[in-house]
Amino acid sequence: MAEAVKVAVRCRPFNQREKDRNAKCIINMNGQNTTIANPDTPKEEPKTFAFDYSYWSHDGFTEDSEGVLNPIPGSKYASQQIVFDNLGKGVLNNAFEGYNCSLFAYGQTGSGKSYSMVGYGKNRGIVPIICDDLFKTMNQNNAANMRYEVTFSMLEIYNEQVRDLLQKENPKGGLQVRQNPKLGLFYVQSLKYVPVGSYAEIEKRIEQGTANRTVASTNMNATSSRAHTVVTIIFDQISKDDSGSETKKSSVMNLVDLAGSERADSTGATGDRLKEGANINKSLSALGNVISALADQSMGKKKVLVPYRDSVLTKLLQNALGGNSKTIMIAALSPADINYDETLSTLRYADRAKKIKNNAVVNENPIDKLIRELKEENERLKKSMSGGGVMPGSTGMSAEDIEKMKKDMEEEIRAQLEANMAVIGSNSATWEERLKQAQNEDTGVDQYADRKTKDPHFVNLNEDPMLSNVIFHYINPGVSTVGRQDRDGKSKPDICLSGLSILSEHATLTCSGVTVELKPAEQGAKIKINGQPVTGTQTLVNKDRVMFGSNHLYVFINPKNDDSADDLPKNITYEFAQKEIAQAKGFATGSTAGLTKEQQIVQEQVLEILPMVSEVNAISEELNKYRSFEVVLLSAAARGAANSGSRGDDNTRVMVKMKNLLNSNTWLWERGKFMNRRYIMQEMYQSWLDGEDMSKTKENDDPFWEPTEDVLIGTTNMYLRFLCFPMDFDYPAPVKDYKGQDEGVIDLYITPCTANGKNIQDLDLIASEAVEPEEAAEELRGKPFNFKIDVISARVDKARFSKGLKVKYKMLKDKEDTETKMVKGTVNPEFKHSKVVKIPTVTQEWIDFFLTGHVTFELYGLQQESANDVKLAKMSTKELRQLEQLQKTSQITRRDTSFSLNTAGNDSDSRLKSEFVLLERKYERLLQKEKRLQQLCEEWNSKSGIEKQFKPFHTAVNNLVSAGATSNNTASLSRRTSVVLTQILAGQKALKEQRQNSDGTEVLQANKQIQNPTIEDKQGNETQSKACTLM
């Protein structure tokens, strides 16, 4: 009878990082229901999901003296024991009944998968409790006719390759996954299955597998959060009847800790020619497709193809999903508002999984019959290998294809023979013999635990907390060496490391009494202590963070001399050490208090990507690719996104700049594209280690190669508040790069114009007299408006950009960028570019754009595949990068290294400059108006008595004074012109008296009165412009 997959979800507490940023919990649980609220739309109804179990482990607990977390009476906290009672006991009971069982944990990195599966410290997870209770139950059974056999295996799937974690060495390309032709199921060829006789032995084997996994992930630069771990326990119950015949009831328990489910950042990776080359996310994508297909199948859809073959993971989980297994899925949820998208994705994934139905049966077979069938099958396989004749299905195939097909079939037959013989052999040797052999085997697990409290040593740090504090390197008295073991094995250092940037003789350690000194053994040996590069002898202090090469990160522990700083945390974590390295490189990684949600995301992305950039730089050096990489924070202003009204992305982006060290060409990669390329670079490096010739790699297949593209030199933002008045704007705009450093100037001119692009000769006649831009902008509402953008010329500081220069910009409502022509052969290009922007009706959107938006002008330089510098080509990538670092050090300024998350500073400078120029232009306009008023009055006064026609003079003065005025500012206009009108009335009186007195003496008196107004006139006009003085 079909049985649905049981699905549980569990919500963890906030971690320290989330507490520091005052994160908000978006998850709530009530019974079997789980709800998630969107933090960006608080009024929206939360989404609700129902599961078999909803475990609230976010709060409501206390920690006892032994460190065990227990629920507070009355709270809904789900402890480790509660989770085991609901899920683990079912797995255990099903195993004793002879059913196959599968338990897998799903969720993003850091969501608590490993805590539920394995646990930490005294809070044991499902896996160790199942194993412990399994042996406890076995030991309670004293039946004489029943015996038990337990075997254990542990493997890891990374980048579609299978590694046996119980073996130190694995074949090139990983272990092969084969299909059993009889059962149709997939299995891992040559995977080691170890007999275990107690829970302690299982613990020992898990430690062995974890240690091997840690070493491999460090040496191979593998990202542990992207790997799946599968622990398989085969539990056999062998019973003997009265006739002496034995029957085996067998249960296979698969305990799967899936890789982090966070979706790959597709920004920038979309369209990358090498996107399909990376297999890193293939398994989880395939698992999602399998779950969806099985859900459709269970809902009654016909002809549904379940794509088990699409990945290694889905092949091995075929039985667990839709096959002969009782399966449980536990989905781990991150409760913080910053993880809303990922948590919602996890809930939807789990919601699909609960629709899957399996058909589990008891696996019980007579042993004699099983062995007989296996032997018969082996005979058939041997005959098929020795037989000749025509290959089935080979008609029409070439001889080469037939030979390849024959070879593949022989490999499959040999693999099946090997698997069958392993089963037969396990039944021929006694269980006791096999168990004793396994117990005597050296697992390589730390056998010197007592030295941890006596001798100075290094203990590893890893991004996965489960892989930290696993590897110990003890320092003996005297001189010890650190380095890479030679391939011929002749020289072996005391502390043997391998991987990126590790030299044969990397460092020496001198231990004298309670003091340990570290010194680079060779020039160029990469060593950092507490984030700072080491060039000479340095005395190590307890809890120092030491990095050898690019990714061997350790904490130095000196039990003999605890001289560590008081402000250090009790337990040093990987995150703490990486923050330290980031700070040493100039990135702000302090408290998240006061940071916005977007800034917090940027900070996390910087901490995540910095070690990756260090890694790819090391790969570039090892493969001599002549490329260097660095992290770039590109603000919205630098990209022209913030308040531009056209780009729609106001967030700072974490990007990576790749530079060709031979010709200085550069490329900016989005984070998603870089991470995709990094995985392919890892594959290339691993192939190189395996002896492949990477020099034959084609350009299009090389992750380090990129076709040339125009490089963004810098940007400048032009704010448009001046158009509200309206005014023209003539400005040599400074161009700044992403670090805020000056790279050149773009000469811009923006002015109101007619519909056909002609400049308006006298802007003063249409100018607004409003004081505030908001008031002036209202005068434009509902009217047509046109303005013209002139990109006149540019100047850049660096000669290498003389190959070609152009400017791009994008106006509100434009779908495409507007570009100037590319001007080649100069660093002072003349663009003479003009564009008319026609607005049929000024709407609120345009008003907002004028008041708060801007146009970003981007200056691009032409890059070409030029010939490499002959002198530089004689140097290695490592030497060129060292030279580049020396040049940066000699030119460094504080601004070079201050990568604050508040990246709006440069844009604020541009805004303030714009405001300052606007005020200057308003002042200049008032001066021009004043000058024109004086000119009108002087012209009128210089005329003879008969020529002084008052009406035209009155009209001219009135038009000039009232230019730009509206009904909204009539009162202020009256105050501005009161003196002018008083002077005009005085002039009228003087004109009449002139007609009566030909000598004109009265006119002089009138003029005198104008020059010396009454006290009341002075008080009313003392705040007005001197333009009111006519003579």
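These exercises with worked solutions walk through parts of one predicted protein model.

Residues are numbered from 1 along each chain as its sequence is written, and side-chain values use heavy atoms, with hydrogens and water left out. Because the model is predicted, local features need pLDDT of at least 70 and side-chain atom pairs count only at pLDDT 80 or more, while totals for chains, interfaces and linings use all residues.

**Exercise 1. The whole chain**

Task: State how many helices and strands the protein chain has, and what percentage of its residues is buried.

Solution.
- Step 1: Fix the terms. Helices (H or I, at least four residues) and strands (E, at least two) are DSSP runs, numbered from the N terminus.
- Step 2: Read the totals. The protein chain has 25 helices and 43 strands.
- Step 3: Turn to burial. Buried means under 20% relative accessible area, exposed over 50%, partly exposed in between (1.4 Å probe, protein chains only). Of the 1031 residues in the protein chain, 49% are buried.
- Step 4: Look at contacts, meaning heavy atoms within 4.5 Å. Among contacts between residues at least 6 apart in sequence, 70% join residues at least 24 apart.

**Exercise 2. Helix α2**

Task: Check the span of helix α2, then find where α2 bends.

Solution.
- Step 1: Take the rule. The expected span is 1.5 Å times one less than the number of residues.
- Step 2: Apply the rule. Helix α2 covers residues 80–97, so its 18 residues should span 26 Å. The end C-alpha atoms lie 24 Å apart, which agrees.
- Step 3: Locate the bend (the angle between axes fitted to the seven residues ending at a residue and the seven starting there). At Asn86, α2 bends by about 40°.
- Step 4: List some buried residues. Val83, Phe84, Leu87, Val91 and Leu92 are among them.
- Step 5: Recall the helix pattern. An α-helix has 3.6 residues a turn, so residues three or four places apart point the same way.
- Step 6: Look past the end. Gly98, just after α2, has a positive phi of about 100°.

**Exercise 3. A hairpin**

Task: Describe how β12 and β13 are joined.

Solution.
- Step 1: Strand β12 (residues 146–158) and strand β13 (residues 161–164) run antiparallel, joined by four bridges. Two strands pair if DSSP finds at least two bridges between them.
- Step 2: Pick one bridge. Glu156 has Arg163 in β13 as its partner.
- Step 3: Inspect the turn. The two strands form a hairpin with two residues between them. Asn159 in this turn has a positive phi of about 55°.

**Exercise 4. A sheet with helices**

Task: Give the strand order of the sheet holding β34, and say which helices lie on β33 and β34.

Solution.
- Step 1: Recall the bonding. Strands of a sheet pair through backbone hydrogen bonds, either parallel or antiparallel.
- Step 2: Read the order. Three strands form an open sheet, β33-β34-β35, with antiparallel pairing.
- Step 3: Find the edges. β33 (627–634) and β35 (666–670) each pair on one side only.
- Step 4: Note the twist, which averages 30° from one strand to the next. Axes are lines fitted to C-alpha atoms, for helices over the stretch in contact, and angles run from 0 to 180 degrees between N-to-C directions.
- Step 5: Count bridges. Eight join β33 to strand β34 (residues 653–660). Arg627 stands opposite Asn660 in β34.
- Step 6: Add the helices. Helix α13 (residues 597–623) packs on the sheet, touching β33 and β34, and its direction makes about 170° with that of β33. Helix α15 (residues 671–689) lies across β33, β34 and β35, at about 100° to β35.

**Exercise 5. Two residues of β38**

Task: Decide whether Asp747 and Leu748 are buried or exposed, then trace what they touch.

Solution.
- Step 1: Place Asp747 in strand β38 (residues 742–752). Leu748 is in strand β38 too.
- Step 2: Compare with the cut-off. Asp747 is buried because its relative accessible area is 15%. Leu748 counts as buried at 1%.
- Step 3: Find a polar contact (a pair of N or O atoms within 3.5 Å; within protein, one must be able to donate a hydrogen and the other to accept it, and residues adjacent in sequence count only if both atoms are side-chain atoms). The side chains of Asp747 and Arg795 make one of 2.8 Å.
- Step 4: Set sequence against space. Leu748 and Ile789 are 41 residues apart in sequence, yet 7.4 Å apart C-alpha to C-alpha.
- Step 5: Name contacts beyond four places in sequence. Those of Leu748 include Met718, Phe729 and Phe857.
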